[in-house]
Each structure stands twice: as C-alpha cells, then as structure tokens.
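Biologist: Could you walk me through this model and tell me what backs up each label? I'd like the reasoning, not just the names.

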Amino acid sequence: MASATLLKSSFLPKRSEWVAARPAVNQPMAVSFTVRAGAYSDELVKTAKTVASPGRGILAMDESNATCGKRLASIGLENTEANRQAYRTLLVSAPGLGQYISGAILFEETLYQSTVEGKKMVDVLTEQNIMPGIKVDKGLVPLSGSNDESWCQGLDGLASRCAAYYQQGARFAKWRTVVSIPNGPSDLAVKEAAWGLARYASICQDNGLVPIVEPEILLDGEHGIDRTFEVAQKVWAEVFFYLAENNVMFEGILLKPSMVTPGAECKDKASPEQVAEYTLKLLKRRIPPSVPGIMFLSGGQSEVEATLNLNAMNQSPNPWHVSFSYARALQNTCLKTWGGRPENVKAAQDALLIRAKANSLAQLGKYTGEGESADAKEGMYVKNYSY
C-alpha cells in the first residue's frame, strides 16, 4: 500500500504551496480532469450497457479448478478436466439461457475450452447473446502488517493477459478482493483492496475489457446490519477515490458489491425490505449514477434469499441497473440435480433456467417466491469462502 499512501501525501501539494501557487483573484484558472479509456471507450460503454440490460444478469461460473473440484466432490465426482468440461458444457448450453443471462464470468481454462461436442464455449455463449467474461485475479494471499487480513494478487502481467483474453473473445473481467469485518477491517486492508481494484480496472479498460469492481465484504461475523453499513461506506469511498485517481471511466465499469446484511452469525436477521433499504441507501451515498450496473454477489445466501433481496431493491426505479452476478445462488440446485449423470442434463438445465428466470423477474421487481423448492431455500454460507 505504499503507492496508495503516496497518492495522499507526497504527490499532493501542501496547502501552503497550493495557496502560494494560486493565480490572482481576477485571473482565470484553467482546470482539467483526465478520464481515459483509450481507443476502446465507446466499446466499453456499449459492453457495460449490454450486460446491464433489463431483466438480465450475470452467471458467475469462474470458480478456480480447485473450487470447482469441491463442487464436483459434493456430488461424488473426481476433479478432472473432463468432468469440469461436462459441467460447464451443461451450463453454457442451457437452451434459452440468454433470455435471462447477459454475461458469464469464466475461469481461464473455460475461456479456452470447448464443449463436449467440440464447440468453443465462448462461441456457444455468444450465440445465446451472452457476453463472455474472464476472472483475472490470482487469488487472495495474507496481507503483511494487517490483522490476519488478505490482499488480492494478479497485477503483474495483467495487461498482456487482458489483451490475450480480449483476442479470445472476452469482453469484461472480474477481480475479487475481500474485506473482513471481524478482523477490523484495518485501514491498510481497505486501502490495499481499493488500490488493487483501481489499478486492475484501469488496466482492463486500456485493453478493451469492462472491469467488474468487486470488494466483497464477507458475511463472516456476529455484527449487525448497521456495522456492515458503516464498513461498506468506508470501503466504497476508498474504492471510488482510487478509481478516480487512476482515471477509470465510470461509464465503462460494472460493480459487484455485497448486499448490506447482518453478519452470518448475527442473531438478528434482516428482512428483504431491510436489506433493500440499507443497501440502496449505501448505493445512493457512494455510487455515481454514471455507473451502468450494480450486479450483486450472493455471498453465501440461499438461492431464494438472494432473489428475494434483489427483488426488494427493484420495487422502485433506481439510478443504475440493479441486478445479479450469482454463482452458487444460480448453480446449487442445478449441480445437485445433475449429479454427474448424462441422463440428468436436461433436468439440471431446467433447474438452472428456473433460477435464472426467478432472478430475471427480481431484476424487474416482479418475483413472488411462490413454488420454490426446499433445496432453493438452503443457506450456502461458508466461513472464509474463497474461489
């Protein structure tokens, strides 16, 4: 975080120097602001608006091979490339998925992978009018000097990787960093998260990818909803400060925030209406209306809980497209239904489409929650969850 600290100190003039350098009272002062995204500006705006289109959201299927292995293990399958390929083929080829899904975040293996039928995954998505995206971070590692907190690595070589991903068909990117409330969060951890996200966003835009900005505030802890709100305000203030410092074009980004909820171990649970009230209040205080889309993560909520909360946020017009970027909250029932058996593929795809449609309705504020299965109501919280 030395870089972030320097931005606030040595690179900025002291007040006495600034006053001495001011022109005379009647002399005009020229002020300029630099916001650049290079040759891709128009395309970035178009991509962001396409992903943030009415009634649609993002399917997050960018689990690392290790995390994908855990999902496969839950249904008794080995973590092999063939099994990962079979499951990912099931997801991207679900008939009519593009009616509800505008973008799919892929792991690097998937971006270059073909379906079991031999067709490129990227081409299958594009034919469904689904924008391919790519996870570009290299995961979380311990943050030295912090309170057992972490930082996200992956900036080294990011520009060349983004250029290669663009050539392969990706049009947006994701970088997940996390903030832990039980561990502070320390000023160091918050600034490191914000600075890393800003550098990543700037590099992505320079290479034609719309960056999804995701500082996930983990559900871990016994804290109430007011404490989550307090931390979220601090985190998002830092994030947008550094996004501006790095000349990131807000019209060409998407956000993937956590909803404002109590900690997972808090005894006082919040209703969808409370979650919507706190979350929208946070967004209105911190997020410029020029940002096209807010694509919420589910963060371990049950499938139904995540959909109900999203629906509650769309009961009145918002300055941004308020939608979803769910992984487990779209895939959980689908994965269980499939069970690794070829004869269950259609039933599993139907389960995926049911969840996708439910969240599409929630984005439009029309979800009722009727007829949901018991599986869809099961919580999926995992402490210290990592991709």
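Modeller: Sure. It's a predicted model. Start with strand β9, residues 293-296: Gly-293 and Met-295 on one side, and Ile-294 and Phe-296 on the other, are all buried.

Biologist: What makes those β9 residues count as buried?

Modeller: The cut-off is under 20% relative accessible area. Gly-293, Ile-294, Met-295 and Phe-296 are all buried by that test, so both faces of β9 are covered.

Biologist: How do you know that β8 and β9 pair?

Modeller: Pairing needs at least two bridges. β8 (residues 254-255) and β9 are joined by 2 bridges and run parallel, so they count as paired. Leu-254 has Gly-293 as its bridge partner in β9. From β8 the chain goes through helix α11 (residues 272-286) to β9, in a right-handed β-α-β crossover.

Biologist: And which strand pairs with β9 over 4 bridges?

Modeller: That's β10 (residues 321-326), again in the parallel sense. Phe-296 stands opposite Phe-324 there. With helix α12 (residues 303-313) in the middle, β9 and β10 make a right-handed β-α-β unit.

Biologist: What do the strands build together?

Modeller: A closed barrel of 8 strands with parallel pairing, running β1-β2-β3-β6-β7-β8-β9-β10. Within the barrel, 5 bridges join β1 (residues 57-61) to β2 (residues 101-106), and Ile-58 stands opposite Gly-103 in β2. As for α12, this helix packs on the sheet, touching β9 and β10, and its direction makes about 170° with that of β10.

Biologist: Why is α4 called roughly perpendicular to α5?

Modeller: Helix α4 (residues 65-73) and helix α5 (residues 81-92) pack at about 80°, with axes 11 Å apart. The label covers 65 to 115 degrees, so α4 is roughly perpendicular to α5. Asn-65, Cys-68 and Leu-72 of α4 make the contact with Asn-83, Arg-84, Tyr-87 and Arg-88 of α5. By class, that's 3 nonpolar, 2 polar and 2 charged residues.

Biologist: What makes Asn-247 partly exposed?

Modeller: Its relative accessibility is 22%. Buried would need under 20% and exposed over 50%, so Asn-247 falls in between. Asn-247 sits in the loop between α10 (225-245) and β8, and its phi is positive, near 60°.

Biologist: Why are positive phi values worth flagging at all?

Modeller: Because most residues other than glycine have a negative phi. Asn-129 is also flagged, with a positive phi of about 65°, in the loop between α7 (121-127) and β3 (131-135).

Biologist: Where is there a cis peptide bond?

Modeller: Between Gly-184 and Pro-185, with omega about -10°. Pro-185 lies in the loop between β6 (172-179) and α9 (187-206).

Methods. Residues numbered from 1 in each chain as written. Predicted model: local features only at pLDDT ≥ 70, side-chain atom pairs only at ≥ 80, totals over all residues. Heavy atoms only, no water. Buried < 20%, exposed > 50% of the residue type's maximum accessible area, 1.4 Å probe, protein only. Right-handed = clockwise from strand over helix to strand, strands pointing away. Contact = heavy atoms within 4.5 Å. Axes fitted to C-alpha atoms, helices over the stretch in contact; angles between N-to-C directions. Parallel < 35°, antiparallel > 145°, perpendicular 65-115°, else oblique. Nonpolar A, V, L, I, M, F, W, Y, C, P; charged D, E, K, R; others polar.
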